[in-house]
Amino acid sequence: MDTETRIDIDSLRINGERLWASLMALAKIGATPKGGVCRLTLTDLDKQGRDLVLGWAKEAGMTVTIDKIGNGFMRRAGRNNSLPPIVTGSHIDTQPTGGKFDGNYGVLAGIEVVRTLNDLGIQTEAPIEVAFWTNEEGSRFVPVMMGSGVFAKAFTLEHAYAAKDTEGKSVKDELTRIGYVGEQEPGDHPIGAYFETHIEQGPVLEDNDKTIGVVQGVLGIRWFDCTVTGMEAHAGPTPMALRKDAMQVATHLMQEVVAAALRHAPHGRGTVGMVQVHPNSRNVIPGRVKFSIDLRNSTDALVDQMADEVKAYAAKLSQDTGLGIQIELVSSYPAQAFHGDCIDAVARAAKKLGYSNMPAVSGAGHDAVYMARLAPSGMIFIPCKDGISHNEIEDAKPEHITAGCNVLLHAMLERAGT
Ligand SMILES: [Zn+2]
């Protein structure tokens with residue numbers, strides 16, 4: 001206790017070299033020749049990764065709980081263990097051509113926080129836990145963010161268990177095979193607050209030359225399928241004025257998707273990523289064009305406003321051209337704002353530590369989105385090279401890895417109490 005009272009908490013720093021070494025050790029499991037990682041969820045390699053991380057947790061004196069969807073919770077006791085734990089975590093599964101940092105960083109940063117507290121014998125008031133969530137990536141089994149989704153009751157355990165990969169293997173069978181069906185009911189596990197550290201997976205921090213992104217929330221998403229129906233005709237004999245060219249009309253609407261996003265800056269996003277042209281022949285005027293519309297923004301009101309504008313434009317376009325335009329909603333994910341207290345804790349920690357920082361939003365989904373439904377939650381972003389992830393060339397600088405973990409340490413200590 002005497003030593004503890006002499007420690008100046010503000011001067012506490014994690015061991016960046018140790019964290020980096022752990023990241024590189026975990027990245028060896030499923031390492032690809034191009035320097036990335038392929039460790040798909042619930043494979044033998046995933047089991048090896050899980051075993052390694054849990055081994056490190058046990059070496060650090062933590063106790064381990066696994067729930068029925070294979071989420072892992074590694075716990076460091078506090079002084080008052082009736083308090084709900086302050087939790088951090090992320091995922092250790094990767095995309096088929098994934099990188100070393102996506103998800104893995106968030107889990108190993110949590111382990112490094114605990115190792116740092118152990119080094120100095122610092123006890124927290126509330127317990128601290130580090131979680132890894134099953135199948136965040138959704139590459140082998142859908143839905144994405146499966147473990148955290150079951151935990152937050154966004155869908156049922158049975159629904160998740162029944163999901164099959166392309167070979168017809170189910171989540172339940174594969175989870176059983178690798179020995180990760182735990183005892184605990186998913187969600188039957190208190191969370192006092194949740195922090196997740198992650199690479200940004202976008203170019204904003206790098207572009208602004210900032211070390212820390214104080215994440216305000218995750219963008220709401222609306223997915224539509226749009227079909228423009230005209231009339232196929234020969235590209236030669238049909239004069240321009242007498243055509244019903246579905247492609248020409250579709251391109252106007254595609255421009256409007258981008259324009260709607262630009263009108264609702266700074267967080268508006270509008271993307272047409274998938275186009276099918278019928279009959280897709282060089283000398284035929286396209287009779288039908290089907291394309292995807294992906295709209296995102298920081299609040300549901302803003303993303304719905306964008307959708308309304310695109311639909312109104314489509315209605316007018318249809319009237320002016322006489323071509324049919326159908327827009328159908330296929331998926332909707334609500335925007336998720338993070339908790340003011342957690343956002344402030346991250347911002348305060350970054351400022352106290354002297355790291356350049358800026359508010360950030362996440363355009364991608366994370367396990368923290370589901371945790372935010374259950375407990376005050378926040379995220380810490382660090383830059384990644386050229387904003388690239390879900391790619392073997394995904395890269396992050398050691399000093400940024402260290403900085404993000406230091407912010408995590410201080411944000412968690414503020415919540416957990418020392
Ligand atoms: Zn991730």
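1. **Aromatic pairs.** Two rings of Phe, Tyr or Trp count as a pair if their centres lie within 6.5 Å; planes over 60 degrees apart count as edge-to-face. The model under review is predicted. A search of the whole structure finds 7 aromatic pairs. Two numbers describe such a pair: the distance of the centres and the angle of the planes.

2. **Trp133 and Phe151.** Take one pair from that search. The ring centres of Trp133 and Phe151 are 5.1 Å apart, and their planes meet at 70°, so the pair is edge-to-face. Where do the two residues sit? Trp133 is in the loop between strand S4 (128-132) and helix H5 (146-151), while Phe151 belongs to helix H5 itself, so the pair ties together parts 18 residues apart in sequence. Trp133 and Phe151 are both buried.

3. **Phe155 and Tyr370.** Here the ring centres of Phe155 and Tyr370 are 6.4 Å apart and the planes stand at 80°, so this pair too is edge-to-face. The pair links distant parts of the chain, 215 residues apart. Phe155 is in the loop between H5 and helix H6 (157-162). Tyr370 is in helix H12 (residues 367-371). Both Phe155 and Tyr370 are buried.

4. **A ring cluster.** Which residues do ring pairs link into a cluster? They are Phe73, Trp133, Phe151 and Tyr194. Look back at point 2: Trp133 and Phe151 form an edge-to-face pair, and both belong to this cluster.

5. **The zinc site.** Three protein residues are donors to the zinc ion: His91 through NE2, Asp102 through OD and His198 through NE2. They lie 2.0 to 2.3 Å from the ion. Along the sequence, the donor residues follow the spacing H-x10-D-x95-H. Asp102 is in the loop between strand S3 (86-90) and helix H4 (104-120), and His198 is in strand S5 (residues 193-199), so these two tie together parts 96 residues apart in sequence. Are Asp102 and His198 buried or exposed? Both are buried.

6. **Helix H2, its length.** Helix H2 runs over residues 16-27, which is 12 residues. At 1.5 Å a residue, H2 should span 16 Å. Its end C-alpha atoms are 16 Å apart, so the model agrees with the expected span. Asn15 caps the N-terminal end of H2. A side-chain oxygen of Asn15 lies 3.2 Å from the backbone nitrogen of Glu17.

7. **Helix H2, its buried face.** Which residues of H2 are buried? They are Gly16, Leu19, Ser22, Leu23, Leu26 and Ala27. Seen down the axis of H2, these residues fall within an arc of 135°, so they line one face of the helix. What do they pack against? Their partners are helix H3 (44-59), H4 and helix H13 (398-416). Check this face on the model.

8. **Leu40.** Leu40 is in the loop between H2 and H3. Its relative accessible area is 21%, and the cut-off for buried is under 20%. Leu40 is therefore partly exposed. Leaving aside neighbours within four places in sequence, Leu40 is in contact with Asp46, Thr94, Gln95, Pro96 and Ser139. Phe141 is 101 residues from Leu40 along the chain, yet their C-alpha atoms are separated by 9.5 Å.

9. **Gln336.** This residue is in strand S14 (residues 336-337). Gln336 has a relative accessible area of 17%, so it is buried. Not counting residues up to four places away in sequence, Gln336 touches Gly217, Val218, Val369, Ala372 and Arg373.

10. **Cis peptide bonds.** A cis bond joins Val142 and Pro143, with omega about 5°. Pro143 is in the loop between S4 and H5. The peptide bond from Ala265 to Pro266 is also cis, with omega near 5°. Pro266 lies in the loop between helix H9 (246-263) and strand S9 (269-271).

11. **Positive phi.** Met145 is not a glycine, but its phi is positive, at about 50°. Met145 lies in the loop between S4 and H5. Its relative accessible area is 11%, so Met145 is buried. Asp386 is not a glycine either, and its phi is positive at about 55°. Asp386 is in the loop between strand S16 (377-382) and H13. At 47% relative accessibility, Asp386 counts as partly exposed.

Terms used:
Residues are numbered from 1 along each chain as its sequence is written. Side-chain values use heavy atoms; hydrogens and water are left out. Donors are N, O and S atoms within 2.8 Å of the metal (3.2 Å for Na, K and Ca); water is not among the atoms, so sites may look incomplete. Helices (H or I, at least four residues) and strands (E, at least two) are DSSP runs, numbered from the N terminus. Buried means under 20% relative accessible area, exposed over 50%, partly exposed in between (1.4 Å probe, protein chains only). Contact means heavy atoms within 4.5 Å. The expected span of a helix is 1.5 Å times one less than its number of residues. The arc is that of the directions from the helix axis to the C-beta atoms. A polar contact is a pair of N or O atoms within 3.5 Å; within protein, one must be able to donate a hydrogen and the other to accept it, and residues adjacent in sequence count only if both atoms are side-chain atoms. Rings of Phe, Tyr and Trp (its six-membered ring) pair if their centres lie within 6.5 Å; planes under 30 degrees apart count as stacked, over 60 as edge-to-face and the rest as tilted.
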